[in-house]
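Load the model in your viewer and keep the selection panel open. The stops below go from one helix to the core around it, and then to a small sheet and one of its loops.

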Amino acid sequence: MEETKEQILRNIREDYNHYTAFEIKKFLTDEVIFESELLKVVEGDTEVVEAIYRYSNPILERNTNQTPNRIKDYCTEIYLWGLPSAGKTWALAGILNTIDSEGHLKLYGKNDTEQCISSDYMNGLLNVINNRKAINYLPNKTSNETIRYMNFKLLKDGEERKVAFIDLSGELVKAIANENVIKNHKELEKERKLLESLLSNRNRKIHFFFIDYARNDDEGGKQNIHFSNLCSIFNSKRYFEKNTDFIYIVVTKADMIDSNEAIRKNEAIKYFNKYYKSFRNNLGKICQDNEINFGDDYEKGDYSFLDDYILDFSIGEVLFLRMCRFNKKSSLKIVDILQEKIQKERSGKAWIFG
Ligand SMILES: Nc1nc2c(ncn2[C@@H]2O[C@H](COP(=O)(O)OP(=O)(O)OP(=O)(O)O)[C@@H](O)[C@H]2O)c(=O)[nH]1
Ligand SMILES: [Mg+2]
């Protein structure tokens with residue numbers, strides 16, 4: 001049954017993220033609701049109404065270069081893990097924008113020997129947030145089949161550090177988490193192989209696990225099982241051995257934890273420790289066994305050090321699921337971490353690329 005105008009307006013008033021920007025735009029063009037009515041339920045926020053009229057889904061890439069399974073050059077690789085819709089790509093847009101606006105970004109140029117592999121995608125992400133605009137349009141779902149490898153240089157105090165962000169689709173992350181669960185698992189097989197070869201290369205790695213706070217915990221039960229499975233797979237394949245420096249847990253959509261930013265971090269830690277116990281224990285053990293996150297400084301089985309690696313993340317104020325008023329605070333925290341943790345290129349014979 002079609003919703004009545006009154007229902008639609010009530011839904012919007014109660015939750016600005018009930019419909020997508022695209023749906024609202026269609027309500028307006030189909031004259032299901034009128035501009036004046038929309039303006040009233042968004043409490044006179046003309047910026048939002050204008051943004052809805054102009055809304056279009058950003059296109060991040062027209063040509064996609066395939067990520068090769070051997071990366072020739074040294075860099076620190078930063079992996080973003082998380083289920084579909086957890087907020088990985090939006091966070092990456094915020095982080096990249098912040099790296100740029102703080103003056104830490106150096107892209108590879110035409111004449112450099114190294115080239116950014118997923119340069120279209122990276123440029124797309126750099127452009128979705130424009131600090132001069134009040135409201136930005138952010139992309140929808142990352143397509144399943146491609147692994148985006150965005151390599152560039154991060155500047156710090158006049159030095160350059162080579163870095164790559166690897167944005168994974170949640171579907172691929174889920175397919176990996178299911179490797180031990182589904183027999184004869186064929187889903188995204190090619191992509192899983194490619195990722196496996198990337199994870200086994202000699203580049204230093206930092207992993208970010210994105211946990212979606214907005215999934216309520218009955219559903220979230222699934223989320224934590226996927227993360228536990230992922231962890232056992234990482235463990236059995238020894239991905240974390242030798243080349244992983246740090247592992248962070250990012251509780252996303254932290255604006256939904258509380259409007260008070262000051263209490264979000266503690267709540268995120270509590271949430272993780274309460275609902276993700278198996279994942280926490282598995283991860284804690286991996287850290288202690290492989291000297292990650294300084295876990296080996298703690299007594300065996302004491303995983304309290306992980307609390308220091310739990311971050312809350314919010315992109316800002318999310319409007320109609322596809323737009324936001326960007327707030328760089330959370331992104332800045334991650335940029336600071338990257339600045340601090342990413343190693344300079346190692347030199348000498350000890351490091352032979354494998
Ligand atoms: N409230 C809130 N919602 C967010 C935030 N970040 C993302 N979202 C919502 O979550 C949706 C999914 O975000 P994405 O960044 O595309 O998620 P993803 O993890 O990249 O998902 P896949 O590409 O499918 O793996 C967005 O369309 C937003 O509606 C946030 O900080 N706060
Ligand atoms: Mg994505």
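The expected span of a helix is 1.5 Å times one less than its number of residues. Keep that in mind for the opening stop, and note that the model is predicted.

**Stop 1: helix H5.** Select residues 88–101, which form helix H5. H5 has 14 residues, and the distance from its first C-alpha to its last is 20 Å, close to the 20 Å expected at 1.5 Å a residue. Now colour the helix by burial. H5 is mostly covered, with 12 of its 14 residues buried. Among the buried residues are Trp-90, Leu-92, Ile-95, Leu-96 and Ile-99; Lys-88, Thr-89, Asn-97 and Thr-98 are buried as well. Then step just past the end of H5 to Gly-103, where phi is positive, at about 85°.

**Stop 2: the nonpolar core.** Which residues touch the most other members of the largest nonpolar core? Select Leu-80, Trp-81, Ile-166, Phe-210, Ile-211, Val-250 and Val-251: out of 94 residues in this core, these have that role. H5 supplies the largest share of the core, seven residues. Colour domain 1 (5–54) and domain 2 (76–341) separately; both give residues to this core, so the core lies between them.

Next, centre on Ile-166 and show its contacts, leaving aside neighbours within four places in sequence. One group of partners is Glu-77, Ile-78, Tyr-79 and Leu-80. Ile-147, Arg-148 and Tyr-149 are also in contact with Ile-166, as is Leu-198.

**Stop 3: a three-stranded sheet.** Select strands S3 (136–137) and S9 (316–319), the edge strands of an open sheet, each pairing on one side only. The strand order is S3-S10-S9, and the pairing is antiparallel. Add S10 (residues 323–326) to the selection: S9 and S10 are joined by four bridges in the antiparallel sense. To check the register, show Val-318, which stands opposite Cys-324 in S10.

**Stop 4: Arg-322.** Move to the loop between S9 and S10, where Arg-322 sits. Is Arg-322 buried or exposed? Arg-322 counts as buried because it has 25 C-beta neighbours inside 10 Å, and the cut-off for buried is 20 or more.

Finally, display what surrounds Arg-322, again omitting neighbours within four places in sequence. Thr-20, Ala-21 and Phe-22 are in contact with Arg-322, and so are Tyr-137, Leu-138 and Asn-140. For a last distance, pick the C-alpha atoms of Arg-322 and Tyr-19: they are 9.4 Å apart in space, although the two residues are 303 apart in sequence.

Methods. Residues are numbered from 1 along each chain as its sequence is written. Chains are lettered from A and ligands numbered from 1 in the order in which they are written. This is a predicted model: local features need pLDDT of at least 70, side-chain atom pairs count only at pLDDT 80 or more; totals for chains, interfaces and linings use all residues. A nonpolar core is a set of buried Ala, Val, Leu, Ile, Met, Phe, Trp, Tyr and Cys residues joined through C-beta atoms within 7 Å. Helices (H or I, at least four residues) and strands (E, at least two) are DSSP runs, numbered from the N terminus. Domain bounds come from an automatic or database domain assignment. Two residues are in contact if their C-beta atoms, placed from the backbone, lie within 7 Å. Two strands pair if DSSP finds at least two bridges between them.
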